[in-house]
Amino acid sequence: MSATTQPSGEEEPSKEQRLRSFLAEKAADGEMYFKSKFIADEVGLSPKEIGALMVKLKDSATEIHVEKWSYTSATTWRIEPA
């Protein structure tokens, strides 16, 4: 078994699941604001991937509320627990 292979029964979370879990954890104590480029390393995604996923999460996430808050050199997102 290679180092990248998951043991049977343990699937690696999708990029969307990883981002959703990260945001839910960070917003657990209240609202948070962020730009994709500042959380990219923590989540293991590119800022462009995060931006595309945020549009999806805005409509599909039930545990967090996602709002496109402002645009100044990059989109700022506002997250709060649902």
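**Helix packing.** I looked first at helix α1 (residues 15-26) and helix α2, which pack at an angle of about 110° with their axes 11 Å apart; the axes are lines fitted to C-alpha atoms, for helices over the stretch in contact, and angles run from 0 to 180 degrees between N-to-C directions. The two helices are therefore roughly perpendicular to each other, a label given to angles of 65 to 115 degrees, with under 35 counting as roughly parallel, over 145 as roughly antiparallel and the rest as oblique. I then listed the residues of the contact (heavy atoms within 4.5 Å): α1 brings R18, L19, F22, L23 and K26, and α2 brings I39, E42 and V43. By class they divide into five nonpolar, no polar and three charged, where Ala, Val, Leu, Ile, Met, Phe, Trp, Tyr, Cys and Pro count as nonpolar, Asp, Glu, Lys and Arg as charged, and the others, Gly among them, as polar.

**Source and numbering.** I note that this is a predicted model, in which local features need pLDDT of at least 70 and side-chain atom pairs count only at pLDDT 80 or more, while totals for chains, interfaces and linings use all residues. Residues are numbered from 1 along each chain as its sequence is written, and side-chain values use heavy atoms, with hydrogens and water left out.

**I39.** I followed I39 next, which is found in helix α2 (residues 36-43) and, at 6% relative accessibility, counts as buried (under 20% relative accessible area, with exposed over 50% and partly exposed in between, for a 1.4 Å probe and protein chains only). Leaving aside neighbours within four places in sequence, I found I39 in contact with L19, F22, L23, F34 and I50. I also checked the C-alpha atoms of I39 and I50, which are separated by 8.8 Å, the two residues being eleven apart along the chain.

**Aromatic pair.** I found one aromatic pair in the structure, formed by Y33 and W69, edge-to-face at 4.7 Å centre to centre with 65° between the planes; rings of Phe, Tyr and Trp (its six-membered ring) pair if their centres lie within 6.5 Å, and planes under 30 degrees apart count as stacked, over 60 as edge-to-face and the rest as tilted. Because Y33 lies in strand β1 (residues 32-35) and W69 in strand β2 (residues 64-71), the pair ties together parts that are 36 residues apart in sequence. Both rings belong to partly exposed residues, Y33 at 37% relative accessibility and W69 at 47%.

**Whole chain.** I closed with the pattern along the sequence, α-β-α-α-β-β, the helices (H or I, at least four residues) and strands (E, at least two) being DSSP runs numbered from the N terminus.
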